[in-house]
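Here's a quick tour of the model below, with an eye on how its helices pack and where its pockets sit. Have the structure open while you read.

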Amino acid sequence: MMKQQPFKMLLKGVLALAVMASAFSAQATDSREDIAKAQSKPMIRGGIVFRSYCILCHGERGDGVARATKLYGQESLAIKSQQSDYYDKIIRGGGPAVGRSEFMPNWGNELSEEQINDVVSYLEVVTDPVGRGEVVFKTNCVLCHGVKGDGKGRASVLFDPPPANLTKSDKNDDYKRMIITMGGKAMGRSEVMPIWGQQISPQQIDDVVAYLRTILIKE
């Protein structure tokens, strides 16, 4: 009988570790490295550069519909699909470098090498709502909703109820647009969900809704 005690204690210990491991797995959140990896993509960083330097003339969608458009008369400021070499050349040397408008500034002396490469990467998706929406999501939403949108962001453990798992959302686009714009409290949900309509544009909200549509997991 005495010889069985150590075995029972060992068994209890193994079971306890198994329970703890299971609980940890269920609550596992993104790591710091997960977020850094997602936000360090050139396209994501390039979206931030584009909003800071290019949006005034080229517009959020790169279609030339922007606040400064009227200053250039009939000149089209729309960004047309081009090879990355073309984008690199016109950003570094300005419009005259590729036979375009002299109003396009020479950004080579203003932006860093990394910023130029990043914005070139972003220009490949600037006309795509899903691509733009991914940039918005990964620069604003991943801390709570997670890199994958599964509700396992690094801050998710701080909230009760936890952030929504957006990969399994049963809400339609209109609902998502409203809760992003007005915040969780206005929709009878968590007050922790910010009023993003005060911080990002209606176009960005439409774009992130378009992106959320692509991460849904069909069961």
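## How α5 and α6 cross

In this predicted model, the axes of α5 and α6 come within 9 Å and cross at roughly 135°. That angle makes α5 oblique to α6, because anything over 145 degrees would be needed to count as roughly antiparallel. As for handedness, the α5 and α6 crossing is right-handed.

Who's doing the touching? On the α5 side it's Ser84, Tyr87, Asp88, Ile91 and Arg92. Facing them from α6 are Glu113, Ile116, Asn117, Val119, Val120 and Leu123. Sort the residues of this α5–α6 contact by type and you get six nonpolar, two polar and three charged.

## The second largest pocket

Both of those helices turn up again here: α5 (84–93) and α6 (113–123) each give two or more residues to the lining of the second largest pocket, as do α3 (42–53) and α4 (55–58). The largest share of that lining comes from α5, with four residues.

The volume of the second largest pocket is about 480 Å³. Its lining runs to 27 residues, and if you want to find the centre, look for His58, Leu77, Ile79, Ile90 and Met104, which lie nearest to it. By type, the lining splits into 20 nonpolar, four polar and three charged residues.

## The largest pocket

Further along the chain, the largest pocket has a volume of about 650 Å³. Here 30 residues make up the lining, and those nearest the centre are His145, Ala164, Leu166, Ile179 and Met193. As for chemistry, the lining of the largest pocket has 21 nonpolar residues, plus six polar and three charged.

Which helices supply at least two residues each to this lining? They are α7 (129–140), α8 (142–145), α9 (173–182) and α10 (202–214). Within the lining of the largest pocket, α9 has the largest share, at four residues.

## A cis proline

One last thing to check is a backbone detail. Most peptide bonds are trans. The bond from Asp160 to Pro161, however, is cis, with omega near 10°. To find Pro161 on your screen, go to the loop between α8 and α9. Those two helices are among the ones that each supply at least two residues to the lining of the largest pocket.

Terms used
Residues numbered from 1 in each chain as written. Predicted model: local features only at pLDDT ≥ 70, side-chain atom pairs only at ≥ 80, totals over all residues. Heavy atoms only, no water. 1 Å grid on protein atoms, 1.4 Å probe; cavity = no way out; pocket = protein on both sides within 12 Å on 5 of 7 lines; lining within 4 Å. Points joined across faces, edges and corners; volume = space filled by probe spheres on them. Nonpolar A, V, L, I, M, F, W, Y, C, P; charged D, E, K, R; others polar. Axes fitted to C-alpha atoms, helices over the stretch in contact; angles between N-to-C directions. Parallel < 35°, antiparallel > 145°, perpendicular 65-115°, else oblique. Left-handed = near helix turned anticlockwise from the far one by under 90°. Contact = heavy atoms within 4.5 Å.
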